[in-house]
Amino acid sequence: MKTWVKLDNAAKIFPVVSNKHRTNLFSIAFSLTELVDPVCLQEALQITIMRFPSFKMRLRSGIFWFYLEENKQLPVVEKENAHILEPIDKYQSRGYLFRVSYFENKITMEVFHTLTDGYGATEFMKALVHCYLNLQGKNIDSEGKILVDDENIHEKTQDSFQRIYDERVKPDRSEERALHFKGTQYQDNWLSVVTGIIPRSQFKELITKYNCTYTQFMVGLLSYCANKVPYLLERKKFPFQVFVAVDLRRIFPSKSLRNFSMIVKSSVKLNPNMPLEDYVKIAKEQLTERISENYLLPRVIGNIKFEKMWILRIVPLVIKKFALKIGYARAASKSNSLCISNLGEIDLPNEMKKHVKKVIFSNGAMKETPINLGVTYYNDSVYMTFTSSIEERDFQKVFFRELVSLGLNITLENNDLEA
């Protein structure tokens with residue numbers, strides 16, 4: 001990999017709009033069966049980073065755009081901070097755009113979205129934990145499920161957005177305003193975390209009854225539950241819009257570890273008289289249509305064509321930042337009620353599963369979208385993690401109570417401030 005690379009299409013907006021209140025970080029955490037040895041974890045991190053050149057980067061600002069430059073230093077592990085998803089201090093992180101930390105039996109990776117998406121971070125964490133366990137003497141075979149070498153570097157570091165770009169496709173970048181949650185913002189940028197752990201067999205039986213996917217059901221339920229907390233909603237003339245993160249690798253085959261995902265939305269006008277079944281039906285119809293090549297490609301092309309506009313390319317970065325911040329505030333941040341990111345199955349080698357108890361994904365939250373949801377499936381459980389920047393947790397309570405009323409057994413976990 002060359003010593004510097006352009007930011008991919010999805011990455012370019014994040015350095016511009018990020019601040020201490022909108023960090024654009026996400027995290028993935030592996031809980032092990034034994035306490036973490038920080039010295040061994042440091043060694044594993046130094047080994048793993050050499051296998052992932054697209055992660056061994058630091059952010060730089062040029063005349064026209066931000067770009068990534070090879071980081072000559074090695075990353076260091078930290079003891080976990082109770083304040084999750086805080087901005088990454090570039091001096092403390094040695095310039096890296098991620099932070100690896102430990103607490104008791106948990107290893108967590110927090111990632112700035114400019115670096116990669118959920119898929120890329122998951123692959124890195126799988127490799128890191130696999131390396132750590134082998135250094136601990138576990139001798140676990142990768143079974144082809146862990147990136148353990150540096151083969152096909154070009155394929156894993158390519159900008160897949162540019163690979164699928166076709167200037168003949170008519171672009172589409174339309175957005176619609178959405179209603180928002182409101183509430184009492186935590187002090188000091190604290191984020192509350194509430195995780196519901198559900199037996200996967202029970203959840204599978206439920207979605208079979210509704211004839212839909214996990215994500216379609218969750219999106220429908222999220223919209224249905226918003227009806228139950230009208231006092232937490234503002235701008236009620238607008239629809240409730242759930243942003244759904246889509247891994248484009250499932251539509252356009254790619255092994256890139258850089259960003260290759262985008263957002264589609266499910267939009268519904270809230271109606272307190274509409275049953276859950278109808279909300280799920282609407283979510284299913286919309287997501288079936290929108291998570292498809294015919295729907296996604298024009299939107300990818302629209303984003304890339306905007307990036308390629310000659311006037312935008314020649315404008316200095318300092319002016320671009322001002323213009324992009326205004327555009328982001330008017331479009332993306334105002335069209336999102338809540339975001340759900342479903343990483344899907346966390347597939348580990350069989351022997352490795354004996355040492356990993358659970359895997360949890362957390363989205364960041366901010367004033368404009370104070371409640372977001374991250375989902376993983378691991379072993380026999382579904383992990384649904386709400387991250388929130390507001391003190392009111394009524395929406396999360398309603399959501400999990402609805403699942404209980406539908407016959408699911410749920411175990412809840414939260415972070416210390418919320419205990």
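Two strands are taken to pair if DSSP finds at least two bridges between them. Helices (H or I, at least four residues) and strands (E, at least two) are DSSP runs, numbered from the N terminus. The model is a predicted one, so to speak of local features takes a pLDDT of at least 70 and side-chain atom pairs count only at pLDDT 80 or more, while totals for chains, interfaces and linings use all residues. Residues are numbered from 1 along each chain as its sequence is written, and side-chain values use heavy atoms, with hydrogens and water left out.

On to the seven-stranded sheet. This sheet is open, its pairing is mixed, and its strands come in the order 12-11-13-15-16-9-17. Strand 12 (261-268) and strand 17 (411-414) are the edge strands, each pairing on one side only. Neighbouring strands here are turned by 20° against each other on average, direction ignored; axes are lines fitted to C-alpha atoms, for helices over the stretch in contact, and angles run from 0 to 180 degrees between N-to-C directions. Strand 9 (residues 192-199) and strand 16 (residues 381-388) run antiparallel and are joined by eight bridges. Within that pair, Ile 198 sits opposite Val 382 of strand 16.

Two helices pack on this sheet, with contact meaning heavy atoms within 4.5 Å. Helix 6 (residues 200-210) touches strand 9, strand 13 (338-345), strand 15 (371-378) and strand 16, and its direction makes about 80° with that of strand 9. Helix 8 (residues 276-290) touches strand 11 (240-247) and strand 12, and its direction makes about 145° with that of strand 12.

Helix 6 also meets helix 7 (residues 214-226): their axes come within 10 Å and cross at roughly 80°. That makes helix 6 roughly perpendicular to helix 7; on this scale, angles under 35 degrees count as roughly parallel, over 145 as roughly antiparallel, 65 to 115 as roughly perpendicular and the rest as oblique. From helix 6 come Arg 200, Phe 203, Lys 204, Leu 206, Ile 207 and Tyr 210, and they meet Tyr 214, Phe 217 and Met 218 of helix 7. Sorted by class, the contact has seven nonpolar residues, two charged ones and no polar ones. For that sorting, Ala, Val, Leu, Ile, Met, Phe, Trp, Tyr, Cys and Pro count as nonpolar, Asp, Glu, Lys and Arg as charged, and the others, Gly among them, as polar.

Thr 411 belongs to edge strand 17. Thr 411 is partly exposed, at a relative accessible area of 47%, where buried means under 20%, exposed over 50% and partly exposed in between (1.4 Å probe, protein chains only). Leaving out residues up to four places away in sequence, Thr 411 touches Thr 195, Gly 196 and Ile 197. Thr 411 and Pro 199 are 212 residues apart in sequence, but 9.3 Å apart in space, C-alpha to C-alpha.

Elsewhere, Ser 362 is part of strand 14 (residues 356-363). With 5% relative accessibility, Ser 362 counts as buried. Its contacts, again leaving out residues up to four places away in sequence, are Phe 26, Ser 27, Leu 85, Thr 385 and Thr 387. Leu 85 lies in the loop between strand 5 (78-79) and strand 6 (98-103). Although not a glycine, Leu 85 has a positive phi of about 55°, and Leu 85 is buried, with a relative accessible area of 3%. The loop between strand 5 and strand 6 also holds Arg 94, another non-glycine residue with a positive phi, here about 60°. Arg 94 is partly exposed, with a relative accessible area of 33%.

Towards the N terminus, strand 1 (residues 4-6) and strand 4 (residues 66-70) run antiparallel, joined by three bridges, with Val 5 opposite Leu 68. Strand 4 pairs with strand 3 (residues 57-61) as well, in the antiparallel sense over five bridges. There, Arg 60 faces Tyr 67 as its opposite residue. Strand 3 and strand 4 form a hairpin, with four residues between them.

Finally, the cysteines. The structure holds zero disulfides, a disulfide being a pair of cysteine sulfur atoms within 2.5 Å. For Cys 225, the closest cysteine sulfur is that of Cys 212, 14 Å away and so too far for a bond. Cys 225 is buried, at 0% relative accessible area. For Cys 339, the closest cysteine sulfur is in Cys 225, and at 17 Å it is too far for a bond. Cys 339 is buried too, with a relative accessible area of 13%.
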